[in-house]
Amino acid sequence: GEDVHVLKQDRNMSEEWHYQRYWAQAVLFKDKKSWYPNKLFIRSHGRALEVGKCLTDQERERLALDLREILNRPINA
């Protein structure tokens, strides 16, 4: 579709974010010091949401590649 939806749920609450897919970016920040974990964000229009906090660095890197592939597909595909 044209939108990216991110849903965060735990036992007590639920939060949801929406981004227009055309403008959304998956951005992976690797810290210069190797002992800090990478951080993955979905970013658009000055807003950024960290995703994949519970993943390992390797899983986060894979998710970043998958998200970029999805976000870069033509919308009508």
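**Figure 1. Arg 62 pairs with Asp 66 within helix 1.** In this predicted model, Arg 62 is partly exposed, with a relative accessibility of 46%. Its partner in a salt bridge is Asp 66, and the closest N and O atoms of the two are 2.7 Å apart. Why do Arg 62 and Asp 66 sit about one helical turn apart? They are four residues apart in helix 1, so about one helical turn separates them. Asp 66 is also partly exposed, at 30% relative accessibility.

**Figure 2. A salt bridge joins Glu 61 and Lys 30.** Here the two side chains meet with an N to O distance of 3.6 Å. Glu 61 belongs to helix 1 (residues 57-72), while Lys 30 sits in the loop between strand 3 (25-29) and strand 4 (39-44), so this pair ties together parts that are 31 residues apart in sequence. Are the two partners buried, partly exposed or exposed? Lys 30 is exposed, with a relative accessible area of 55%, and Glu 61 counts as partly exposed at 30%. For orientation, a search of the whole structure finds four salt bridges.

**Figure 3. Arg 73 and Glu 69 form another salt bridge.** In this view, look for the closest N and O atoms of the pair, which are 3.5 Å apart. Arg 73 has a relative accessible area of 43%, which makes it partly exposed. Glu 69 is partly exposed as well, at 48% relative accessibility.

**Figure 4. Asp 57 in helix 1 touches three residues that lie further off in the sequence.** Which residues does Asp 57 touch, leaving aside those up to four places away in sequence? They are Tyr 36, Pro 37 and Asn 38. Asp 57 is partly exposed, with 29% relative accessibility. If you would like a second landmark, try Phe 41: Asp 57 and Phe 41 are 16 residues apart in sequence, and their C-alpha atoms are 13 Å apart in space.

**Figure 5. The largest nonpolar core has 13 residues.** The members that touch the most other members are Val 4, Val 6, Tyr 19, Ala 24, Leu 40, Ile 42 and Val 51. Two or more core residues come from each of strand 1, strand 3, strand 4, strand 5 and helix 1. Which element gives the largest share of this core? That is helix 1, with three residues. As background, nonpolar side chains tend to be buried together in soluble globular proteins.

**Figure 6. Ile 42 and the residues it touches.** Ile 42 is one of the core members with the most contacts to other members. Leaving out residues up to four places away in sequence, Ile 42 touches Val 4, Val 6, Tyr 19, Ala 24, Gln 25, Arg 47, Ala 48, Leu 49, Val 51 and Leu 67.

**Figure 7. The largest pocket has a volume of about 210 Å³.** Its lining is made up of Val 6, Leu 7, Lys 8, Glu 15, Trp 17, Leu 49, Glu 50, Val 51, Gly 52 and Lys 53. Which strands supply at least two residues each to this lining? They are strand 1 (3-9), strand 2 (14-20) and strand 5 (47-51). Sorted by class, the lining holds five nonpolar, one polar and four charged residues. Val 6 and Val 51 line this pocket, and both are also named among the core members in Figure 5.

Methods
Residues numbered from 1 in each chain as written. Predicted model: local features only at pLDDT ≥ 70, side-chain atom pairs only at ≥ 80, totals over all residues. Heavy atoms only, no water. 1 Å grid on protein atoms, 1.4 Å probe; cavity = no way out; pocket = protein on both sides within 12 Å on 5 of 7 lines; lining within 4 Å. Points joined across faces, edges and corners; volume = space filled by probe spheres on them. Nonpolar A, V, L, I, M, F, W, Y, C, P; charged D, E, K, R; others polar. Buried < 20%, exposed > 50% of the residue type's maximum accessible area, 1.4 Å probe, protein only. Core = buried A, V, L, I, M, F, W, Y, C linked by side-chain atoms within 4.5 Å. Contact = heavy atoms within 4.5 Å.
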